[in-house]
Amino acid sequence: MELNYGDHRPIYEQIKEKTKEYIINGAMSEHEKLPSVREVAAQLAINPNTIQKAYKELEAEGYIYSQKAKGYFVAPMKKNLQLIKREEALEHLENMVKELKYLGTDEKAINDLVKSIYREGNK
C-alpha cells in the first residue's frame, strides 16, 4: 500500500479507501485476515493509532470485522454488496444533482422530486 502525502485527505482516510478498494476489487476475499495494525504501521512508518482508526471505520461501515485477540478480517460480501451498491448509487445521484444544478434546475424542484419518490414508496 502506498500513501500520497500530497493528497489533501488524512492518512487514515487514504488507508481506509485503499483497503476498501482491495476488498471491492476482490484482491482480498471473505474472511481473509487483514495485516495487523502493527504490521501496516511498520510498513508505512506511521503511528499504529492511524491504522487503528482506519480499521475501526471500515468495521463500522461493514467492510471488515474483528475477532478478539485474532485481528481484523474481510466481512462477507453479502453485507458489503449492499453498502457498495448504495455508495455507487449515491455517487451517481450526486453527479446527477450536480448536472441538474449546472443546467439551471431549481433546488426546490430537485427536493420535491426526491420527496415525491419517497412518498410513493410509502403508499
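These legends accompany several close-up views of a predicted model.

**View 1. Helix 1 and helix 3 cross each other.** Two packed helices are described by the angle between their axes and the distance between the axes. For helix 1 and helix 3, the axes come within 8 Å and cross at roughly 50°. With that angle, helix 1 and helix 3 are oblique to each other. The crossing of this pair, helix 1 and helix 3, is right-handed. To find your way, look for helix 1 at residues 11-24 and helix 3 at residues 48-60.

**View 2. A salt bridge joins E57 and K16.** Stay with the two helices of the previous view and look at their side chains. E57 and K16 meet in a salt bridge, with a distance of 3.0 Å from N to O. The pair links distant parts of the chain, since E57 belongs to helix 3 and K16 to helix 1, 41 residues apart. Is K16 buried or exposed? K16 counts as buried because its relative accessibility is 9%, and the cut-off for buried is under 20%. Its partner E57 is partly exposed, with a relative accessible area of 25%.

**View 3. K20 has a salt-bridge partner in helix 1 and another in helix 4.** Begin with E17, which forms a salt bridge with K20; the closest N and O atoms are 3.6 Å apart. Both E17 and K20 sit in helix 1, 3 residues apart, which is about one turn of the helix. E17 is partly exposed at a relative accessible area of 28%, while K20 counts as buried at 5% relative accessibility. Now turn to E87, which also forms a salt bridge with K20, here with the closest N and O atoms 3.8 Å apart. Which parts of the chain does this pair tie together? K20 lies in helix 1 and E87 in helix 4, so the salt bridge ties together parts that are 67 residues apart in sequence. E87 itself counts as partly exposed, at 35% relative accessibility.

**View 4. Shared partners build a salt-bridge network.** Step back from the single pairs and follow the connections. Salt bridges that share partners join K16, E17, K20, E57, E61 and E87 into one network. You have already met K16 with E57, E17 with K20, and K20 with E87. The model's count of salt bridges comes to 9.

**View 5. Helix 2 packs against helix 3, with A45 in the loop between them.** Helix 2 covers residues 37-44, and it packs with helix 3 at an angle of about 125°, the axes being 8 Å apart. At this angle, helix 2 and helix 3 are oblique to each other. Helix 2 passes helix 3 in a right-handed crossing. In the loop between the two helices you will find A45. What is the phi of A45? A45 has a positive phi of about 55°, although A45 is not a glycine. That is worth a second look, because most residues other than glycine have a negative phi. A45 is also exposed, with a relative accessible area of 68%.

**View 6. A69 lies in the loop between strand 1 and strand 2.** Find strand 1 at 64-67 and strand 2 at 71-74, then look in the loop between them for A69. Phi of A69 is near 65°, again a positive value in a residue other than glycine. Is A69 buried or exposed? A69 counts as exposed because its relative accessibility is 85%, and exposed means over 50%.

**View 7. L90, L93 and V97 form a nonpolar patch on the surface.** Together, L90, L93 and V97 have about 240 Å² of accessible area. One of the three, L93, is found in helix 4, which covers residues 77-102. L93 counts as partly exposed, with 43% relative accessibility.

**View 8. K108 and N47 are set apart in sequence and in space.** K108 lies in helix 5, which covers residues 107-121. How far is K108 from N47 in space, C-alpha to C-alpha? K108 and N47 are 46 Å apart, and they are separated by 61 residues in sequence. K108 is exposed, with a relative accessible area of 53%.

Definitions and conventions. Residues numbered from 1 in each chain as written. Predicted model: local features only at pLDDT ≥ 70, side-chain atom pairs only at ≥ 80, totals over all residues. Heavy atoms only, no water. Patch = residues over 30% accessible without salt bridge, like charges linked within 9 Å, V, L, I, M, F, W, Y side chains within 5 Å. Areas by Shrake-Rupley, 256 points an atom, 1.4 Å probe, with all protein chains shown as cover. Salt bridge = Lys/Arg side-chain N within 4 Å of Asp/Glu carboxyl O. Helix = DSSP H or I, 4+ residues; strand = E, 2+ residues; numbered from the N terminus. Buried < 20%, exposed > 50% of the residue type's maximum accessible area, 1.4 Å probe, protein only. Axes fitted to C-alpha atoms, helices over the stretch in contact; angles between N-to-C directions. Parallel < 35°, antiparallel > 145°, perpendicular 65-115°, else oblique. Left-handed = near helix turned anticlockwise from the far one by under 90°.
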